[in-house]
Structure formats: C-alpha cells, structure tokens
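Here is a short briefing to read with the model open beside you. It takes the chain pairing as its starting point, then visits two sets of strands.

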Number of protein chains: 2
Amino acid sequence: MSQAFQTAGDVRMACRVGELTGPTTGYAAGYEQANLVIVPKEFAFDFLLFCHRNSRACPLLDVTDIGDPEPKRSTAGADLRTDLPKYRVWRDGRVSDEPTNLRELWRDDLVSFLIGCSFTFEHALLAEGIPVRHLEQGRNVPMFNTGLECQAAGRFAGPLVVSMRPMLPMQALAASKICERFPRSHGGPIHVGDSSAIGIHDITKPDYGDPVDIRPGELPVFWACGVTPQAALMRAKLPFAITHAPGHMFLTDLRSGT
Amino acid sequence: MSQAFQTAGDVRMACRVGELTGPTTGYAAGYEQANLVIVPKEFAFDFLLFCHRNSRACPLLDVTDIGDPEPKRSTAGADLRTDLPKYRVWRDGRVSDEPTNLRELWRDDLVSFLIGCSFTFEHALLAEGIPVRHLEQGRNVPMFNTGLECQAAGRFAGPLVVSMRPMLPMQALAASKICERFPRSHGGPIHVGDSSAIGIHDITKPDYGDPVDIRPGELPVFWACGVTPQAALMRAKLPFAITHAPGHMFLTDLRSGT
C-alpha cells in the first residue's frame, strides 16, 4: 500500500493532476471508497429506484443535483469529472472508451450516483488479522454474476453481482461481524460456501476481476458488489452512461465504519 | 381501539368498500402504517431524491412502478386508489379536494411513494407502559414545522416536520430505546426538551393535528414526521399531486419492528 495517499483528498488530487491512473485498492484507510454511475436525467428516476430496491448491492452514499459534478453532501470541493483514476464510457450497453477524465464528455443533464464499495472494509479485515487474498496476491478482487435476480426498476434489471474472498470458516464468522459495521459498504456477506447455491458454476473463473487461490479448508465468502449496477447498465443499453473503471474508485470524504 | 380491524388487510378492505373513512391510529397492531405521496412521473426523480436525502423524515417502505396502483413489494394485492380512508388532492400547492377514493383521478403517469409513520411504534410504547397522550385524549398527534431545513432536491425543499409526544424524562429514555427498533418508522426521537432549540415557538399551537396536555415534570419528545413531504409538496406547488389525509394512513402488510 502506498504511503503517498493517506487521505481521500490525496488520492483525488493525484487523479486530478493525472498522477494516479491505476486501481485504488489499499489507499486512504478509513475513508469510504465509492462506485460511480452517471446517467442522463431521463434515466435517473429508474436508476435511483433500482438502487433503492437493491440497496444491499447499491448502497447510495451521495447523488448529485442534475448537471452538478460536485458531490456536495459527501465530498465538498471534489470534481467527479477529474477525481477518479479511470472511467468507462458506455454507449448502447457497450464500453466505448476508458478515459482518465471527463472534461470533454460532461453534459448539463448528467446525474451522478456514488455507491458504497467493499474496498472500504478490507482495511478493517486486515487490521483484525483476516486475510484478503487478492491483496496478498496483488490482484483485483474476483467478482461473479449470480443466479439471483435484482428487483427490476423501469429499464434496469439484471443479476446480483458478488465479490468473493476465501477464508477459513472461523475467519468468515469474524469477517461477518466486522462487515456488519459497514452497512454503506454492502455490510455482511450474502452467502458462504457452496457457490452453486447462488448460481455460480465455476469459482475459478470470475466474470470480472481476477481469480485468486482458495486454499485447503477455506470457503468462498460472497458480498453484494457495486458492479451490480454495471451489469444492469449493460442490459439496459442506455445510449450514453459513464461509470468508474472496475477497481478505479472515487475516494469520498466520508469516514468508514462510523 | 377497534377490535374490528385486527389486520392490515381488514383495514384496507373496510376502506375499499367505503366502511372506514376516519383516522387509522390504533388499528392493526404489528403492521407498518404508511404516509402516501403520489406525484406525476416528471417530478418522481426529484421526490425520490428528496426522500433519499431526508431519510429520517421520509423512510421509504415502497415505491410503485409508473402508473401501477399496486404496491407489489410491500403489500401485494392492495390498491392505492381505494385502500386508504381519505386522500388529499393538491393542485398548485393547495388542497383542492379530500376524496375517499381515487377511482376518477387515477392517471397512467403517477408514481406512488409509501413512507413510514410513527403510528407504527405507538403500540410498542403502550405495551411497555409509556403513555401516548393523544391516544389517551382521543386526539390526532400534534405536529410542528421546525426551523430545521430539509436537504433540498430539485423542486422539493422545506422544513423538517416533527410529531410530539410528552413524557417523563425516564420514559423518554425508554421510548428512545424502543423506537430505535423501528428505523422504517422514523426511529428514535430527533430532539427532547427545549422546543425553541429546534425553532418551535409555541408548543401549545401545533401546525398540524391537535394540541395535547403536557403535565408537570414532562418533556416534549420530538420525532421526524412523514408530514415533512407534504410541507415540501406545498412549497413546490406542483400542478397535481395526491397524498393521504393527515392521520388517514395506508396499512401495509409489512410487519413492524422486525
């Protein structure tokens, strides 16, 4: 973990000046990391309702006013057009570009949604001696589409996406207790053990991120994941939308676990 | 309290057939009572965002799909056009009518919001021996506009409205603990004691509902109130909106305090 980026503000400034364009896992312990989804105003009600109906996967940290790139309630002074390391631009349900800022793309009809991220509680797991395998292995967290359907809202529907961290059964119990303190970051696990019970057919082949080792005696532990809205965006085939690039999160000024 | 209406379904059916047109306080113990706000689709994003930003006053129990009068997620089979005792129709920010059903008024662009209500936890207070003065005195609960401003969202802004129940200091502590078990019904009190500290100038003159007696040694205890969105609706002056009539709530099938 970098000693250079101790605070959320450090991370945002490094993004703004173009110094940081990589993933944010491990940075700025104690601050809430956030998924970003930006949609035009005409789709904003449906998307907000989707988040409300699926709040375990999509815990809302902040929603901006229409056209305003500043998330005033969570992070005054920040600029969502420049303060993330990398973005994804979606056109008709496909990724068309991965820019490092939105200066040329911003429009006055855009509404931005900041959604909690499980990176937030990984510091707390490590602090209590619970392994975080993808950090150990220098990889992105493995994420899977499940067979569990989200509650649809207007144009938005899709599978619940989960992140997975392998651990021993007793560590899973401790992790569950710790993560319940982080309701804005998906809270406790939604499933432990048999992955086929939630419709995951091959635990070695994540749909997003990287595979990690599961050692003898360990169980896969699953958390609702903020990539869930990206799966819904893909299916909704909006003419235009923007998200963060996976793993390249927005650092809010919200203190975590409080 | 009536023995006739034991379940939420009993109350809804009595409304539907025109048998019940009065307030619902005290009915159907154990079921969540709900405030109703209905707005046209074009204002639905702003209103949903207002609820999200002011969730203590506006805890959302259910939001319907556009044009659908059935709150499927909380109360399958119910009909919001007929299943409340009395409604208010708002035109340009004023109440234009108080009908007992919406059969003639329903439109395909309407979105309905069900918002938690403090009537829900009054059964639990009584069960633990804590007085509920307006029930004792056969009145509607006193409600006040405060000097605390809600977080605005688009067209919606206004004061936080609170309900007030007087009790002894020790009873206020117990009530606080009980009400924290009801987060969908505004949770614990937002203030106890000096009413001028939250901008209420005359505790004997509520802005909504009826005055109740405050006895020697008692303190006023204040809860965020689901009339808050009505105050915002009034100020927003929408061309058309519908709410429940104060005290005439929708009974959901959600079990309370769980």
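All interface residues of chain A, 100% of them, are interface residues in chain B as well, so the two copies meet through the same surface. Please keep in mind that this is a predicted model.

**How the two chains are related**

- Two copies of a chain are related by a rotation about an axis and a shift along it.
- Here, chain A is superposed on chain B by a rotation of 180° with 0.0 Å of shift along its axis, at an RMSD of 0.0 Å.
- This is the relation of a two-fold axis.
- If you would like a landmark in chain A, try Phe45(A): its C-alpha is the nearest to the axis, at 2.2 Å.

**A sheet in chain B and the helices on it**

- Chain B has an open sheet of 4 strands in the order S6-S7-S9-S8, with antiparallel pairing.
- The edges are taken by strand S6 (143–149) and strand S8 (191–192) of chain B; each has a single partner strand, so one side of each is left without a neighbour in the sheet.
- S6(B) runs antiparallel to strand S7 (residues 159–167) of chain B, and 4 bridges join them.
- To find this pairing at the residue level, look at Met143(B), whose bridge partner in S7(B) is Ser163(B).
- Helix H5 (residues 169–179) of chain B packs on the sheet, where it touches S7, S8 and strand S9 (219–224) of chain B. The direction of H5(B) makes about 20° with that of S9(B).
- Helix H6 (residues 228–236) of chain B packs on the sheet too, touching S6, S7 and S9 of chain B. Its direction makes about 145° with that of S7(B).

**Strand S1 of chain A and its partners**

- What covers the question of burial for strand S1 (residues 31–40) of chain A is a simple count: 9 of its 10 residues are buried, leaving the strand mostly covered.
- Strands of a sheet pair through backbone hydrogen bonds, either parallel or antiparallel.
- With strand S5 (residues 110–116) of chain A, S1(A) shares 7 bridges in an antiparallel arrangement. Val39(A) has Val111(A) as its bridge partner in S5(A).
- Strand S11 (residues 250–255) of chain A pairs with S1(A) over 3 bridges, again in the antiparallel sense. In this pairing, Gln33(A) has Leu251(A) of S11(A) as its bridge partner.
- Strand S10 (residues 241–244) of chain A also runs antiparallel to S1(A), and 2 bridges join the two. The bridge partner of Val37(A) in S10(A) is Thr243(A).

Methods: Residues are numbered from 1 along each chain as its sequence is written. Chains are lettered from A and ligands numbered from 1 in the order in which they are written. This is a predicted model: local features need pLDDT of at least 70, side-chain atom pairs count only at pLDDT 80 or more; totals for chains, interfaces and linings use all residues. Copies are superposed by least squares on the C-alpha atoms of residues with pLDDT of at least 70 in both. Two residues are in contact if their C-beta atoms, placed from the backbone, lie within 7 Å. Two strands pair if DSSP finds at least two bridges between them. Axes are lines fitted to C-alpha atoms, for helices over the stretch in contact, and angles run from 0 to 180 degrees between N-to-C directions. A residue is buried if 20 or more other C-beta atoms lie within 10 Å of its own, exposed if 12 or fewer, and partly exposed in between; C-beta atoms are placed from the backbone.
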